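Please open the structure in your viewer and keep the selection tool at hand. The tour proceeds stop by stop, stating what to select and what is found there.

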Amino acid sequence: MINKMILTAGLVAVTCASFGQRAQLTGNIKGLKDGEIVFYRLNNGVPQMDTISTKAGHFTWSAVITEPQKVSIMFPERYVEFFAEAKNMNLTGNADALNALEVKGSAVQDEANTYQKSLKDITDQENPLYQQYAKASAEEKKQIEAKIGKFRDQKRERAANYVKKHPSSFYSLSLVSDRAMVGKYEDIAPLYAVLSPAMKSSMQGKALSERIELLKRSALGTPMLAFTQADVDKKMVSFSSFKGKYVLVDFWASWCGPCRQENPHVLKEYNKYKDKNFTVLGISLDDNEEKWKKAIKDDGMPWTQLSDLKGFKNEVSSYYGIMGIPSTLLVDPNGLIIAKDLRGESLTEKLKELFDK
């Protein structure tokens, strides 16, 4: 999935006593070339970039943080993230193993490390599947996807249990926040409900509350937004014109690799059920008209395609808070949302359930 924002397993946490103090990180990374690295953080809720110079692998970053937050570091080769606190922290490691950098001085980073280690029995089985997937046949890919899906469900269940056991932990808040980036209202709302009042009243907690309100708009049984957008011929098309049909509203873009990989499967399902009161409606998050139209032609998609060519600021995707694509909403003949984020085997099974009775 292509995401609007960089995601990780957790956001940043910090003790209440350290609010408003200065966070300082001293780095010592062997083999790091002299140059600049960029720290991405929030400053009173507003994204901010801090450009820091490095010399012989050494650097220092500091900032006043009014609330816990995840800080990302963009190195020339890749980015890494750590859980910052308003304390003195140290970052050490090697430039040829940036994924294994070690942070000391952050209690919440320690909490995150412990939690990730608790998932080792799952990740040890899951990680090899991604390597196998690239060389697998179409049938083998289906089997691998099913296995990965089960492991994903297991990790989500453990995260939910952790949140319930630690409702006053900022790391718990981070787990819920991360899940809310691409999650469903039905899954996120119950997890948010168990968080402590202190977590809910934090800046991150308030942002999560706002996010949940967006997700609520696509809750199952909710009417689909009545919208109008232009098709490839600049003709305005209203969603109301699809009333009486099952419609798979497919959010995608020409530049989205996973979307393009999914298109043949959507086409297969479309051809299978198009005569059974089913259709697909594409909503592109493109901002380049030529690339959008070329992708439609190259992928042979015969259904209606709409876009306002505003990228991730697309009116419909913004209304539903969509931050990662591909993403879908399945709407019934009455205009009610009955499923979300169907793709691959989950799309096949849902359409079988509806039409192969």
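A cavity is a set of points, on a 1 Å grid over the protein atoms alone, where a 1.4 Å probe fits but cannot get out. Grid points are joined across faces, edges and corners, and a volume is the space filled by probe spheres set on the points. The model is predicted: local features need pLDDT of at least 70, side-chain atom pairs count only at pLDDT 80 or more, and totals for chains, interfaces and linings use all residues. Residues are numbered from 1 along each chain as its sequence is written, and side-chain values use heavy atoms, without hydrogens or water.

By this rule there is 1 cavity of 30 Å³ or more, and the largest cavity holds about 90 Å³ of space. Select Val182, Ile322, Ser327, Lys340 and Asp341, the closest to its centre of the 14 residues that line it; lining residues have an atom within 4 Å of a point.

Next, select strand β8, residues 88-94; strands (E, at least two residues) are DSSP runs, numbered from the N terminus. Its covered face has Met89, Leu91 and Gly93, and its uncovered face has Asn88, Asn90, Thr92 and Asn94. In a regular strand the side chains alternate between the two faces of the sheet.

Add strand β2 (residues 22-30), which runs parallel to β8 and is joined to it by 7 bridges; two strands pair if DSSP finds at least two bridges between them. Threonine 26 has asparagine 90 of β8 as its bridge partner. Then add strand β9 (residues 102-104), which pairs with β8 in the antiparallel sense over 3 bridges. There, valine 103 is the bridge partner of leucine 91.

Finally, select methionine 49 in strand β4 (residues 46-54). Methionine 49 is exposed (over 50% relative accessible area, 1.4 Å probe, protein chains only), with a value of 54%.

Methods
Buried < 20%, exposed > 50% of the residue type's maximum accessible area, 1.4 Å probe, protein only. Helix = DSSP H or I, 4+ residues; strand = E, 2+ residues; numbered from the N terminus. 1 Å grid on protein atoms, 1.4 Å probe; cavity = no way out; pocket = protein on both sides within 12 Å on 5 of 7 lines; lining within 4 Å.
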